[in-house]
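Student: Could you go through this model with me? I would like to see how each label is earned.

Tutor: Gladly; let us take the terms one at a time.

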Amino acid sequence: MDLLQLYEQEFEHKSQKIQQKIEEIELDYLKEDVPESIQSMKEGTKRIIEISKSMRIFSRADTIAKVPFNIHDGLDSTLLILKHRLKANKKRPEIKVVKNYGYLLEINCYPGQINQVFINLISNAIDALDESNSGKTFTDIKAAPNQITITTEIDSEKQQAIIKIGDNGMGISEEFKDKIFGHLFTTKAVGKGTGLGLSISRKIIEEKHGGKIICNSELGTGTEFVISLPL
Ligand SMILES: Nc1ncnc2c1ncn2[C@@H]1O[C@H](COP(=O)(O)OP(=O)(O)OP(=O)(O)O)[C@@H](O)[C@H]1O
Ligand SMILES: [Mg+2]
(Lines give C-alpha, C1' and ligand atoms only; values in the text may rest on other atoms or scores of the structure.)
(Ligands and ions follow the chains in the order given, each with its own letter.)
Protein backbone atom coordinates (compact mmCIF):
# COMPACT_ATOMS: atom_id res chain seq x y z
CA MET A 1 0.00 0.00 0.00
CA ASP A 2 1.43 3.38 -0.91
CA LEU A 3 1.56 6.52 1.17
CA LEU A 4 -1.35 8.14 -0.65
CA GLN A 5 -3.63 5.18 0.00
CA LEU A 6 -2.66 5.19 3.67
CA TYR A 7 -3.33 8.88 3.86
CA GLU A 8 -6.70 8.44 2.16
CA GLN A 9 -7.74 5.71 4.59
CA GLU A 10 -6.75 7.86 7.53
CA PHE A 11 -8.64 10.78 6.03
CA GLU A 12 -11.83 8.80 5.49
CA HIS A 13 -11.61 7.17 8.88
CA LYS A 14 -11.30 10.59 10.55
CA SER A 15 -14.20 12.02 8.53
CA GLN A 16 -16.41 9.10 9.51
CA LYS A 17 -15.49 9.55 13.17
CA ILE A 18 -16.35 13.24 12.98
CA GLN A 19 -19.69 12.35 11.44
CA GLN A 20 -20.41 9.83 14.20
CA LYS A 21 -19.55 12.44 16.80
CA ILE A 22 -21.85 14.94 15.14
CA GLU A 23 -24.69 12.47 15.26
CA GLU A 24 -24.09 11.91 18.99
CA ILE A 25 -24.02 15.65 19.64
CA GLU A 26 -27.13 16.00 17.55
CA LEU A 27 -29.02 13.61 19.83
CA ASP A 28 -28.04 15.58 22.93
CA TYR A 29 -28.79 19.02 21.61
CA LEU A 30 -31.60 18.33 19.23
CA LYS A 31 -34.02 20.45 21.22
CA GLU A 32 -31.77 23.49 21.37
CA ASP A 33 -31.01 25.89 18.61
CA VAL A 34 -27.77 24.41 17.33
CA PRO A 35 -29.07 22.38 14.39
CA GLU A 36 -27.83 25.03 11.98
CA SER A 37 -24.21 24.74 13.01
CA ILE A 38 -24.50 20.97 13.11
CA GLN A 39 -25.88 21.06 9.61
CA SER A 40 -22.91 23.06 8.38
CA MET A 41 -20.49 20.71 10.14
CA LYS A 42 -22.25 17.80 8.47
CA GLU A 43 -21.95 19.44 5.08
CA GLY A 44 -18.27 20.09 5.78
CA THR A 45 -17.53 16.46 6.46
CA LYS A 46 -19.59 15.32 3.49
CA ARG A 47 -17.46 17.60 1.36
CA ILE A 48 -14.23 16.14 2.83
CA ILE A 49 -15.41 12.67 1.85
CA GLU A 50 -16.33 13.89 -1.65
CA ILE A 51 -12.93 15.50 -2.17
CA SER A 52 -11.17 12.42 -0.89
CA LYS A 53 -13.11 10.36 -3.47
CA SER A 54 -12.15 12.72 -6.28
CA MET A 55 -8.53 12.69 -5.19
CA ARG A 56 -8.66 8.92 -5.43
CA ILE A 57 -10.03 9.05 -8.99
CA PHE A 58 -7.26 11.50 -9.83
CA SER A 59 -4.45 9.57 -8.18
CA ARG A 60 -5.47 6.25 -9.73
CA ALA A 61 -5.65 8.00 -13.07
CA ASP A 62 -1.89 8.07 -13.62
CA THR A 63 -1.35 5.11 -15.90
CA ILE A 64 1.69 3.98 -17.86
CA ALA A 65 -0.32 3.01 -20.92
CA LYS A 66 -3.51 4.43 -22.38
CA VAL A 67 -6.64 2.98 -20.78
CA PRO A 68 -10.39 3.36 -21.47
CA PHE A 69 -11.61 6.33 -19.46
CA ASN A 70 -15.02 7.90 -19.01
CA ILE A 71 -14.51 11.57 -19.89
CA HIS A 72 -17.62 12.60 -17.95
CA ASP A 73 -16.14 11.13 -14.74
CA GLY A 74 -13.02 13.20 -15.36
CA LEU A 75 -15.03 16.39 -15.89
CA ASP A 76 -17.18 15.73 -12.81
CA SER A 77 -14.24 15.06 -10.49
CA THR A 78 -12.51 18.19 -11.81
CA LEU A 79 -15.62 20.22 -10.98
CA LEU A 80 -15.69 18.70 -7.48
CA ILE A 81 -12.05 19.56 -6.87
CA LEU A 82 -12.66 23.14 -8.03
CA LYS A 83 -15.96 23.47 -6.14
CA HIS A 84 -14.45 25.82 -3.57
CA ARG A 85 -13.67 28.24 -6.40
CA LEU A 86 -17.09 27.90 -8.04
CA LYS A 87 -19.20 28.57 -4.97
CA ALA A 88 -20.51 32.00 -3.96
CA ASN A 89 -18.24 34.44 -2.12
CA LYS A 90 -18.49 38.01 -0.86
CA LYS A 91 -17.95 39.47 -4.31
CA ARG A 92 -20.16 37.27 -6.48
CA PRO A 93 -22.85 34.59 -6.50
CA GLU A 94 -22.00 31.00 -7.36
CA ILE A 95 -20.70 30.34 -10.89
CA LYS A 96 -23.35 28.44 -12.82
CA VAL A 97 -22.09 25.25 -14.45
CA VAL A 98 -24.17 24.01 -17.36
CA LYS A 99 -23.43 20.45 -18.48
CA ASN A 100 -24.55 19.36 -21.92
CA TYR A 101 -23.19 15.84 -21.78
CA GLY A 102 -23.79 13.80 -24.88
CA TYR A 103 -23.34 10.09 -25.32
CA LEU A 104 -19.59 9.57 -25.02
CA LEU A 105 -18.06 6.14 -25.06
CA GLU A 106 -15.01 5.54 -22.97
CA ILE A 107 -11.93 6.97 -24.63
CA ASN A 108 -8.49 5.39 -24.73
CA CYS A 109 -6.23 7.94 -23.09
CA TYR A 110 -3.96 8.83 -20.20
CA PRO A 111 -6.70 9.82 -17.72
CA GLY A 112 -4.36 11.70 -15.36
CA GLN A 113 -3.17 13.92 -18.19
CA ILE A 114 -6.69 14.50 -19.53
CA ASN A 115 -7.84 15.50 -16.03
CA GLN A 116 -4.94 17.93 -15.88
CA VAL A 117 -6.18 19.58 -19.08
CA PHE A 118 -9.69 19.88 -17.60
CA ILE A 119 -8.30 21.49 -14.42
CA ASN A 120 -6.29 23.98 -16.50
CA LEU A 121 -9.21 24.96 -18.72
CA ILE A 122 -11.80 25.22 -15.96
CA SER A 123 -9.41 27.18 -13.69
CA ASN A 124 -8.74 29.58 -16.56
CA ALA A 125 -12.49 30.01 -17.08
CA ILE A 126 -12.96 30.84 -13.39
CA ASP A 127 -10.07 33.34 -13.54
CA ALA A 128 -11.63 34.96 -16.63
CA LEU A 129 -15.03 35.22 -14.93
CA ASP A 130 -13.51 36.73 -11.79
CA GLU A 131 -11.65 39.24 -13.93
CA SER A 132 -14.80 40.12 -15.89
CA ASN A 133 -16.55 40.84 -12.58
CA SER A 134 -14.25 43.69 -11.65
CA GLY A 135 -16.22 46.90 -11.32
CA LYS A 136 -19.55 45.02 -11.12
CA THR A 137 -21.67 44.70 -8.00
CA PHE A 138 -23.04 41.45 -6.59
CA THR A 139 -26.48 42.43 -7.93
CA ASP A 140 -25.11 43.17 -11.43
CA ILE A 141 -23.53 39.72 -11.56
CA LYS A 142 -26.67 38.06 -10.22
CA ALA A 143 -28.64 39.58 -13.10
CA ALA A 144 -26.18 38.25 -15.70
CA PRO A 145 -24.66 35.22 -13.95
CA ASN A 146 -21.13 33.95 -14.46
CA GLN A 147 -21.45 30.71 -16.36
CA ILE A 148 -19.29 27.81 -17.48
CA THR A 149 -20.74 25.54 -20.15
CA ILE A 150 -19.36 22.07 -20.75
CA THR A 151 -20.50 20.22 -23.86
CA THR A 152 -19.49 16.75 -25.02
CA GLU A 153 -20.40 15.02 -28.25
CA ILE A 154 -19.27 12.48 -30.79
CA ASP A 155 -18.40 13.45 -34.34
CA SER A 156 -19.07 10.06 -35.90
CA GLU A 157 -17.94 11.13 -39.35
CA LYS A 158 -14.48 12.10 -38.13
CA GLN A 159 -14.47 9.42 -35.41
CA GLN A 160 -13.70 12.03 -32.77
CA ALA A 161 -14.87 12.92 -29.30
CA ILE A 162 -15.46 16.64 -28.87
CA ILE A 163 -15.26 18.39 -25.51
CA LYS A 164 -16.09 22.10 -25.30
CA ILE A 165 -15.43 24.23 -22.23
CA GLY A 166 -16.85 27.73 -22.49
CA ASP A 167 -17.23 30.75 -20.23
CA ASN A 168 -18.93 34.13 -20.48
CA GLY A 169 -15.90 35.94 -19.06
CA MET A 170 -14.02 38.89 -20.53
CA GLY A 171 -12.74 37.08 -23.64
CA ILE A 172 -9.33 37.39 -25.27
CA SER A 173 -8.16 40.33 -27.35
CA GLU A 174 -7.00 39.77 -30.95
CA GLU A 175 -3.50 40.75 -29.90
CA PHE A 176 -3.23 37.79 -27.51
CA LYS A 177 -5.24 35.13 -29.33
CA ASP A 178 -2.29 33.47 -31.04
CA LYS A 179 -0.05 33.85 -28.00
CA ILE A 180 -2.08 32.12 -25.30
CA PHE A 181 -0.76 28.61 -26.02
CA GLY A 182 2.80 29.87 -25.78
CA HIS A 183 5.14 28.56 -23.10
CA LEU A 184 5.14 30.97 -20.11
CA PHE A 185 2.67 33.39 -21.73
CA THR A 186 0.42 34.92 -19.08
CA THR A 187 -1.60 38.08 -18.61
CA LYS A 188 -2.08 37.35 -14.92
CA ALA A 189 -0.31 39.04 -12.03
CA VAL A 190 2.96 37.65 -10.70
CA GLY A 191 2.15 34.78 -8.37
CA LYS A 192 -1.28 34.27 -9.97
CA GLY A 193 -0.34 32.75 -13.29
CA THR A 194 2.77 31.05 -14.60
CA GLY A 195 1.65 30.77 -18.22
CA LEU A 196 2.07 27.00 -18.30
CA GLY A 197 -1.53 25.76 -18.25
CA LEU A 198 -2.36 26.05 -21.94
CA SER A 199 1.05 25.08 -23.32
CA ILE A 200 0.98 21.89 -21.22
CA SER A 201 -2.64 21.25 -22.25
CA ARG A 202 -1.78 21.56 -25.93
CA LYS A 203 1.15 19.14 -25.52
CA ILE A 204 -1.10 16.63 -23.77
CA ILE A 205 -3.91 16.80 -26.32
CA GLU A 206 -1.90 17.09 -29.52
CA GLU A 207 1.39 15.29 -28.87
CA LYS A 208 0.30 12.61 -26.40
CA HIS A 209 -3.17 11.92 -27.78
CA GLY A 210 -3.06 12.95 -31.44
CA GLY A 211 -5.96 15.33 -30.88
CA LYS A 212 -6.46 19.04 -31.32
CA ILE A 213 -7.23 21.97 -29.02
CA ILE A 214 -8.43 25.30 -30.35
CA CYS A 215 -9.76 28.49 -28.85
CA ASN A 216 -12.70 30.63 -29.99
CA SER A 217 -13.05 33.91 -28.18
CA GLU A 218 -14.75 37.25 -28.49
CA LEU A 219 -13.58 40.15 -26.39
CA GLY A 220 -16.24 41.10 -23.86
CA THR A 221 -18.43 38.07 -24.64
CA GLY A 222 -16.53 34.96 -23.65
CA THR A 223 -14.18 32.17 -24.58
CA GLU A 224 -14.55 28.58 -25.63
CA PHE A 225 -11.91 25.88 -25.85
CA VAL A 226 -12.68 22.95 -28.13
CA ILE A 227 -10.83 19.68 -27.66
CA SER A 228 -11.08 16.87 -30.16
CA LEU A 229 -9.72 13.42 -29.41
CA PRO A 230 -9.56 10.50 -31.83
CA LEU A 231 -11.87 7.65 -30.81
N1 LIG B 1 -10.99 31.27 -20.53
C2 LIG B 1 -10.16 32.30 -20.75
N3 LIG B 1 -10.64 33.57 -20.90
C4 LIG B 1 -9.79 34.60 -21.13
N5 LIG B 1 -8.45 34.48 -21.21
C6 LIG B 1 -7.93 33.26 -21.09
C7 LIG B 1 -8.74 32.11 -20.84
N8 LIG B 1 -7.93 31.03 -20.77
C9 LIG B 1 -6.67 31.49 -20.95
N10 LIG B 1 -6.65 32.83 -21.13
C11 LIG B 1 -5.47 33.67 -21.38
O12 LIG B 1 -4.39 32.84 -21.76
C13 LIG B 1 -3.28 33.06 -20.89
C14 LIG B 1 -2.48 31.79 -20.75
O15 LIG B 1 -3.22 30.80 -20.04
P16 LIG B 1 -2.43 29.67 -19.27
O17 LIG B 1 -3.43 28.78 -18.62
O18 LIG B 1 -1.45 29.05 -20.19
O19 LIG B 1 -1.59 30.46 -18.19
P20 LIG B 1 -2.11 31.19 -16.87
O21 LIG B 1 -3.51 30.79 -16.55
O22 LIG B 1 -1.86 32.64 -17.05
O23 LIG B 1 -1.12 30.61 -15.78
P24 LIG B 1 -1.13 29.09 -15.19
O25 LIG B 1 -2.19 28.33 -15.91
O26 LIG B 1 0.22 28.56 -15.50
O27 LIG B 1 -1.39 29.25 -13.77
C28 LIG B 1 -3.89 33.59 -19.60
O29 LIG B 1 -2.97 34.35 -18.86
C30 LIG B 1 -5.04 34.44 -20.14
O31 LIG B 1 -4.59 35.69 -20.59
MG1 LIG C 1 -4.07 28.75 -16.53
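Tutor: Let us begin with a definition: a polar contact is a pair of N or O atoms within 3.5 Å; within protein, one must be able to donate a hydrogen and the other to accept it, and residues adjacent in sequence count only if both atoms are side-chain atoms. Please keep in mind that this is a predicted model, where local features need pLDDT of at least 70, side-chain atom pairs count only at pLDDT 80 or more, and totals for chains, interfaces and linings use all residues. Residues are numbered from 1 along each chain as its sequence is written, chains are lettered from A and ligands numbered from 1 in the order in which they are written, and side-chain values use heavy atoms, with hydrogens and water left out.

Student: What makes the approach of ligand 1 to Gly-197 a polar contact?

Tutor: An oxygen atom of ligand 1 is 3.3 Å from a polar backbone atom of Gly-197. The limit is 3.5 Å, so the pair qualifies. Gly-195 also offers a polar backbone atom, 3.0 Å from an oxygen of the ligand. With Asp-167, a side-chain N or O atom is 2.9 Å from a nitrogen of ligand 1. The protein covers 91% of the 600 Å² of accessible area that ligand 1 has on its own, by the Shrake-Rupley method with a 1.4 Å probe.

Student: Which residues come nearest to ligand 1?

Tutor: Thr-186, Thr-187, Lys-188, Thr-194 and Leu-198 do, out of 20 around the ligand. A residue is near if one of its heavy atoms lies within 4 Å.

Student: Which elements supply at least two residues each to that shell?

Tutor: They are α5 (111-132), α8 (197-208) and β7 (222-230), with α5 giving the most, three residues. Helices (H or I, at least four residues) and strands (E, at least two) are DSSP runs, numbered from the N terminus.

Student: Why is helix α3 called largely enclosed?

Tutor: Buried means under 20% relative accessible area, exposed over 50%, and partly exposed in between (1.4 Å probe, protein chains only). Eight of the 11 residues of α3 (residues 71-81) are buried, so the rest of the structure largely encloses this helix. Among them are Ile-71, His-72, Leu-75 and Leu-79. At the start of α3, a side-chain oxygen of Asn-70 reaches to within 2.8 Å of the backbone nitrogen of His-72.

Student: How do you know whether Ile-38 is buried or exposed?

Tutor: Ile-38, in helix α2, has a relative accessible area of 6%. That falls under 20%, so Ile-38 is buried. Ile-48 is also found in α2 (residues 35-60). Its value of 28% lies between the two cut-offs, so Ile-48 is partly exposed.

Student: What makes the phi of Gln-159 worth a look?

Tutor: Most residues other than glycine have a negative phi. Gln-159 is not a glycine, yet has a positive phi of about 55°. Gln-159 is found in the loop between β4 (147-155) and β5 (160-167), and at 45% relative accessible area is partly exposed. Leu-184, also not a glycine, has a positive phi of about 70°.

Student: Why is Leu-184 called exposed?

Tutor: Its relative accessibility is 52%, which is over 50%, so Leu-184 counts as exposed. Leu-184 is found in the loop between α7 (174-177) and α8.
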